[in-house]
Amino acid sequence: MSPSHSIRVKVRFASLLQRYTSVLNVELEVPQDPEKALARIVESSGLPWKDTLEKTTGVFINRIPASRFIRQKRLLSEGDTISFIPMAGGG
């Protein structure tokens, strides 16, 4: 399989992020390349990512920080879960 092959993944928008996406969970078709997949998810979800959520949201791929997953040069697989989780909560 080439890195440009599209696969379906589960995407989870936790907590306050649902305010932007209107959904908790969704399945999307994305490239296997995790960086390209994350860019497509952010673009299609309507998240105000740059300058707003990028610094305050943790992104995990199968419970592994996305930055580590990418650094390890891993590719996404069919059925993987990508979670967007706000790092700070308010009371």
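Modeller: Before the pocket is discussed, Ala, Val, Leu, Ile, Met, Phe, Trp, Tyr, Cys and Pro count as nonpolar, Asp, Glu, Lys and Arg as charged, and the others, Gly among them, as polar. The model is predicted: local features need pLDDT of at least 70, side-chain atom pairs need 80 or more, and totals for chains, interfaces and linings use all residues. Residues are numbered from 1 along each chain as its sequence is written, and side-chain values use heavy atoms, without hydrogens and water.

Colleague: What classes of residue make up the lining of the largest pocket?

Modeller: The lining has 10 nonpolar, three polar and three charged residues. A pocket is an open set of 1 Å grid points where a 1.4 Å probe fits, with protein on both sides within 12 Å along at least five of seven lines; lining residues have an atom within 4 Å of a point.

Colleague: Which elements each supply at least two of those residues?

Modeller: They are α2 (34–45), α3 (49–53), β3 (57–61) and α4 (66–71).

Colleague: How many helices and strands are there?

Modeller: The protein has four helices and five strands, in the order β-α-β-α-α-β-β-α-β from the N terminus. These are DSSP runs (H or I, at least four residues; E, at least two).

Colleague: New topic: where is Leu 16?

Modeller: Leu 16 belongs to the loop joining β1 (6–13) to α1 (18–21). Its C-alpha atom is 29 Å from that of Arg 74, which lies 58 residues away along the chain.

Colleague: How exposed is Leu 16?

Modeller: Leu 16 is partly exposed, at 44% relative accessible area. Buried means under 20%, exposed over 50%, and partly exposed in between (1.4 Å probe, protein chains only).

Colleague: What share of the protein is buried?

Modeller: Buried residues form 34% of the 91 residues. Along its principal axes, the C-alpha trace spans about 45 × 25 × 20 Å.
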